[in-house]
Structures are given as structure tokens and as C-alpha cells.
Amino acid sequence: MAVTPSTYPRRLLPLFLGLFQGALLLFFALFVTYDEPSAEDTNLASQVYSTFPFFQDIQVMLVVGLGLLLSFLPRYGFSALTHNFLLLNFSMQWALVLQGLLHHFHHGQIHLDLHKLLISEFAAVTVLISVGAILGRASPCQLLVMATCEIPIYLASEWVIGTRLGVLDVGGTITIHVFSCYFGLGVSKALFRATQQPLHPKETTTPSSDLVSLVGTLILWVFWPSFVAVLCQPGDAQHRAILNTLLAMSAGAITTMVASSLLERDGKLSTGHLQNGSLAGGVAIGVVADMAMPPVAALALGSLSAVACVLGFRFLTPLLRRKLTLHDQCGIHNLHGLPGILGAAASVVAVLVTSKDAS
């Protein structure tokens, strides 16, 4: 029986994913193995006990928290959750292959461990953030093509920033948040640059969809310190990163409510501001989280990033849409771009004012 032309796009997704997973199975069978530690080697056990709890927190953040946060469009909730879950798994496996070939390919084998899997998951985060700019306006195949292109570009960018320039960014403020923000905005501009598209009726939120999205924000808020601290050196640096992140996010949450109430009519809180501004402190603090700085600096950075995020939603997003026809569905520029730039600037100040004998 002949297949009608309208069904071809639906066949592309399983074909693409089937070919990808089949190629990955062959690659793993030929080149990937596990480390075989000796009986005296305790590093593996310490890695599991120290890293896996953080890894589980990050999984909850990405699968549940971020998935719910992206479900604010009432008729796109199921797609937001499933596409987020699909892109996480696809991007993580793709990053695992590329990182293995580029950095861990020795004697014809790639030795897999929990740390390499964690780094691959961090690469997948960039895709999940970038998708926010085109949420609801791109097909699953377009999202997969975007992920296929973004992962190698991210790996190159991260290598230049971390290795060649020597930038310390334990929480991914620059390498993850700023990069993924402007990559997503670039994709949005490329796809929707032709016309000034009005807001579609399906893009209007409802109280129930806003409530579900706000639950996602709360989940992200609770587990965010694990995301920032997991790559820090265990001990004092990791402890300091957790404390700084908690302080920044607490200050950001309160400041978001203050700024939103002052900017909104009749002093009512904006759900969109709460969904994003409450997380802005976690974005900004990542690059300086493990640095030796006073607690008040973390509070100040969290407050400033929340103000930048709320002002961005109130004034900058409409301006960019009107002047540049730049479509940013989730406001990733306000949550990831502006606080990320603010955090990068704060890291420069922190290095300049810190005494040379500080840790």
C-alpha cells in the first residue's frame, strides 16, 4: 500500500533515531569498555559514593524539573516533557561518543566511567536550554538536527574556554548557560527571521499550565546546588559552592518577588517572573561559586541577577521581538544570557579583588 506524502515526516523520526541507536550499539560493541580497577583501588568506590548522589539530583532537575518548567504552553505540555526527555538521552549519548573519540580514545578503546557520563550530561544541558528559544515551533526532527549540530560546537567552545583560555567555570555559567542561550537565539533567528510573527493563541498560558511550570521551577530550585557543586574539588571548595549557591538563589527568589510586584499592575506577581527569576541566581553564581568570597557577595549577585532577569522579561524581550524580530519562546535570554554575563563579570571582579594568598 502506498504511503501518502503527509506521513513521510512522521516516518523520519523513527528512522533517524533507529539509525542513530543502531550505529551507537555498533560503536559501543567495538570501542567502549569499562575500567577494571584492582582490588586495592578505592578511587572507584569513592567516586560512586561522592558523585552519584549529585548525579541523581541533576537527573531529577533535567528530566522532571526542566520538563515541567517547559510545559507552560497548555497545548504543548506532553510534547515539552517527551521532547525534553528524548533530547536529553540523544544528546548525552552523542556527546559521550564525541568526547570519547576526542579525549579518551587510547589503544583502540574508550574506558567509560561515571565522571565521563556526567560530563556528557552537562553537554546535553546546552541542547535542553537552547530548545527553549524555539519551543513549540519546531518539529522533533528539527530539534534532533539542532542537537546533532550543537553538541560538537559546544565541545569545541568548552575546550577553547576551559583549556586554551584557562577560564575556571565549575557551574557552567559561561560554557553552558551563555553558550546555549545565544546558540538557541541564533537558531530561532535563522528559522523565524522572515516575518514579524504575532503571538499565536496557543502560546497563551493558563493558570493550570503556569502552576505545573512553577512546580518545575521549585524542583530546579531545590536541586540546583548539586548542579553547581558536582565538579568542584571535594571538601572546602565543594562546601563553599553549595553555600554560595543556596545564598544566591534565596536572595534571587525574594528579589524576584519584589521586582515583579513593583513592575506589575496592581502589585500582582507575574508567574513568568517567578518561574525564571527565582533561578537566575543559580545561573550567575556558577562561575564564582567555589571562589573565596564573602557570603554577602553571593547574596548581592543573586539579587542583581534576579533584577536583570525580571527587567529583561518586562522590557528587553518585547524590544528584541519588535526591533530584531527575535523570537524567544521561553525567555532564555533573560534566565541564561543576562545572568550568565553578569556572573562572568562578577568572576573578573572576584579575581581582581581577591588577595594573592587566598585559596
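Which side chain meets that of Arg240 in a salt bridge? In this predicted model, the partner is Asp236, with an N to O distance of 2.5 Å. Both residues belong to helix H8, where they are four residues apart, about one turn of the helix. Arg240 has a relative accessible area of 17%, and because the cut-off for a buried residue is under 20%, Arg240 counts as buried. Side chains of opposite charge can pair when their charged atoms come close.

A search of the whole structure finds two salt bridges. Besides the pair in H8, the side chains of Lys116 and Asp113 meet at 3.3 Å, again taken from N to O. Lys116 has a relative accessible area of 16%, so Lys116 is buried.

The sheet comes next. Three strands make up an open sheet, and their order across it is E1-E3-E2, with mixed pairing. Strand E1 covers residues 32–34 and strand E2 covers residues 105–106; these are the edge strands, and each of them pairs on one side only. Strand E3 consists of residues 109–112.

The mixed character can be followed strand by strand. E1 and E3 run parallel and are joined by three bridges. One of the residue pairs between E1 and E3 is Tyr34 with Leu112, its bridge partner in E3. On the other side, E2 and E3 run antiparallel and are joined by two bridges. There, Phe105 stands opposite Ile110 of E3, and His106 stands opposite Gln109 of E3.

How do the side chains of E3 alternate? Ile110 and Leu112 point to one face and are buried, whereas Gln109 and His111 point to the other face and are not buried. In a regular strand the side chains alternate between the two faces of the sheet. The two buried residues of E3 also appear in the pairings above: Ile110 is opposite Phe105, and Leu112 is the bridge partner of Tyr34.

E2 and E3 form a hairpin with two residues between the strands. His107 lies in this loop. Its phi is near 55°, a positive value in a residue other than glycine. With a relative accessibility of 85%, His107 counts as exposed.

A second positive phi is found in the loop between H8 and H9, at Asp266. The value is about 60°, although Asp266 is not a glycine. Asp266 has a relative accessible area of 70% and is therefore exposed. The loop that holds Asp266 connects helix H8, residues 236–263, to helix H9, residues 271–285, and Gly267 lies there too. Gly267 has a relative accessibility of 35%, so Gly267 counts as partly exposed. The C-alpha atom of Gly267 is separated by 48 Å from that of Leu17, a residue 250 places away along the chain.

From these loops the path turns to helix H7, residues 207–229, which contains Ser213. Is Ser213 buried or exposed? Its relative accessibility is 0%, so Ser213 counts as buried. Leaving aside residues up to four places away in sequence, Ser213 touches Leu68, Leu69, Ser71, Phe72 and Gln275. With Gln275 there is also a polar contact of 3.5 Å between the two side chains.

The last site is on the surface. Which residues form a nonpolar patch there? The patch is made of Trp159, Val160, Leu165 and Val167, and together these residues have about 340 Å² of accessible area. Leu165 is placed in the loop between helix H5, residues 140–164, and helix H6, residues 173–191. At 61% relative accessibility, Leu165 lies over the 50% cut-off and therefore counts as exposed.

Notes: Residues are numbered from 1 along each chain as its sequence is written. This is a predicted model: local features need pLDDT of at least 70, side-chain atom pairs count only at pLDDT 80 or more; totals for chains, interfaces and linings use all residues. Side-chain values use heavy atoms; hydrogens and water are left out. Two strands pair if DSSP finds at least two bridges between them. Patches are made of residues with over 30% relative accessible area and no salt bridge: like charges are joined within 9 Å, nonpolar side chains (Val, Leu, Ile, Met, Phe, Trp, Tyr) within 5 Å. Accessible areas come from the Shrake-Rupley method with a 1.4 Å probe; for residues, only the protein chains shown count as cover. A salt bridge is a side-chain nitrogen of Lys or Arg within 4 Å of a carboxyl oxygen of Asp or Glu. Buried means under 20% relative accessible area, exposed over 50%, partly exposed in between (1.4 Å probe, protein chains only). A polar contact is a pair of N or O atoms within 3.5 Å; within protein, one must be able to donate a hydrogen and the other to accept it, and residues adjacent in sequence count only if both atoms are side-chain atoms. Contact means heavy atoms within 4.5 Å.
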